[in-house]
Amino acid sequence: MKAAVKFFIFAGVLGMAAGCGNSKSGNQTAEQTEPERIQAVSVMQTTSKDVPQEEIYTSTVEAYATNNIAPQSPSRIQKINVEVGDYVYAGQIVAVMDQVSLNQSRLSMVNDSVEFSRLKGLYEQGGVSKSDLDAMELKYNVSRSQYENILENTILRSPISGVISARNYDRGDMYTGTPIYVVEQVTPVKLLVGISEADYTKVKKNDPVEITVDAIPGRTFTGRISRIYPTIDPSTHTFTSEIHVANGDRALKPGMYSRVKVTFGVNHSVVVPDNCIVKQQGSAVRSVYVLQSDNTVKETVVTLGRHFGTDYEILSGLNEGDTIVVKGQGSLKDGVKVNVQ
């Protein structure tokens, strides 16, 4: 009886030992046969097209010319003819100063004119010498010049056609130095744009540009580069281009914030979606994953050009017809196999 019990226990131990061994062997087999995980990606073939070489710069609309209207010397303002916001034409009378000095100068000039005419007649008859006639002519010319100067500083006219942007005095005030009016020419207007020195040779006089302003949404104005400044700013490495816009309807106002689109030409380049570009942290390197014939991917460094809409121009690194990964590239590594969907 005791021998039978011992055999039973021994057999149980053997059975347990055998069971443990089989379990370990089964785990090793499962690990060895676990399938390799393959990243699913979406791809596309690259194409090339004409890419306008455009840059957008910010600027401020400026008057083409600005003039301060004021007399030469202190005087009382007798008449104010225009107000801020009025459009005036070149030569239009905008203000009249006290005319006492003008009247005195006019009388002196008229008197000298009469005396010169009298002496000229006498000279022709031999009644006076040439030196007396010349002295009188000089006196008359001086008084006429003085009268014309006082007239110009008494009857004030606008030197340009434009908009009155400031009036600093009222009728009856004594002019003391600050301009009575400021007039700004707004047909045309101008914009000064700082362009990178790398594009200096690409910009030409009379090149067309497009201008938009926040104050007039939905409208685009056309201007031209009228002047290219000959020096480079050493602190910003930019040069100034002066742009003129006709502004015939005077819609553009000095001081408006604007965006200026300058086109430097057209490149025929490979174009890819911007979401396929992989950025390496901590560096300026940009790359794209290119699908190979064995369904592996190759990380290819690219040089980016213009960014427009949702696309990038590729200056180097890709050829037309290459198959690139456009979705799922975030977790890829060079040389891994992928599942194209």
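Ser 101 is partly exposed, at 43% relative accessibility. Ser 101 sits in helix H2, which covers residues 100-124. This description rests on a predicted model. Along the chain, Ser 101 and Ile 150 are 49 residues apart. In space, their C-alpha atoms are separated by 7.4 Å. Both residues also line the largest pocket.

That pocket holds about 180 Å³ of space. Its lining includes Pro 71, Gln 72, Ser 73, Pro 74 and Ser 75. Met 97 and Asp 98 contribute as well, as do Asn 149, Asn 153 and Thr 154. By class, seven lining residues are polar, four are nonpolar and one is charged.

Arg 306 offers a contrasting setting. This residue belongs to strand S16, residues 297-308. Its relative accessible area is 13%, so Arg 306 counts as buried, the limit being under 20%. Two polar approaches involve its side chain. One is a polar contact of 3.1 Å with the side chain of Gln 53. In the other, a polar atom of the Arg 306 side chain lies 3.2 Å from the backbone oxygen of Glu 54. Beyond four places in sequence, the contacts of Arg 306 include Val 51, Pro 52, Gln 53, Glu 54 and Glu 55. Asp 199 and Phe 264 are also among them. Asp 311, Tyr 312 and Glu 313 are further partners of Arg 306.

Backbone geometry was examined next. Most residues other than glycine have a negative phi, and most peptide bonds are trans. The bond between Thr 187 and Pro 188 is cis, with omega at about 5°. Pro 188 is part of strand S9, which spans residues 181-196.

Positive phi values occur at His 237 and at Arg 250. For His 237, phi is near 55°. This histidine is found in the loop between strand S11 (221-228) and strand S12 (238-245). Its relative accessibility is 42%, so His 237 is partly exposed. For Arg 250, phi is about 60°. Arg 250 occupies the loop between S12 and strand S13 (257-273). With a relative accessibility of 31%, Arg 250 too is partly exposed.

Confidence varies along the model. The protein chain has an average pLDDT of 88, and 89% of the residues score at least 70. Over residues 1-26, however, pLDDT stays under 50. For that stretch, the model has zero contacts beyond four places in sequence.

Terms used: Residues are numbered from 1 along each chain as its sequence is written. This is a predicted model: local features need pLDDT of at least 70, side-chain atom pairs count only at pLDDT 80 or more; totals for chains, interfaces and linings use all residues. Side-chain values use heavy atoms; hydrogens and water are left out. On a 1 Å grid over the protein atoms alone, a cavity is a set of points where a 1.4 Å probe fits but cannot get out, and a pocket is an open set with protein on both sides within 12 Å along at least five of seven lines; lining residues have an atom within 4 Å of a point. Grid points are joined across faces, edges and corners, and a volume is the space filled by probe spheres set on the points. Ala, Val, Leu, Ile, Met, Phe, Trp, Tyr, Cys and Pro count as nonpolar, Asp, Glu, Lys and Arg as charged, and the others, Gly among them, as polar. pLDDT is the predictor's confidence in each residue, from 0 to 100. Contact means heavy atoms within 4.5 Å. Helices (H or I, at least four residues) and strands (E, at least two) are DSSP runs, numbered from the N terminus. Buried means under 20% relative accessible area, exposed over 50%, partly exposed in between (1.4 Å probe, protein chains only). A polar contact is a pair of N or O atoms within 3.5 Å; within protein, one must be able to donate a hydrogen and the other to accept it, and residues adjacent in sequence count only if both atoms are side-chain atoms.
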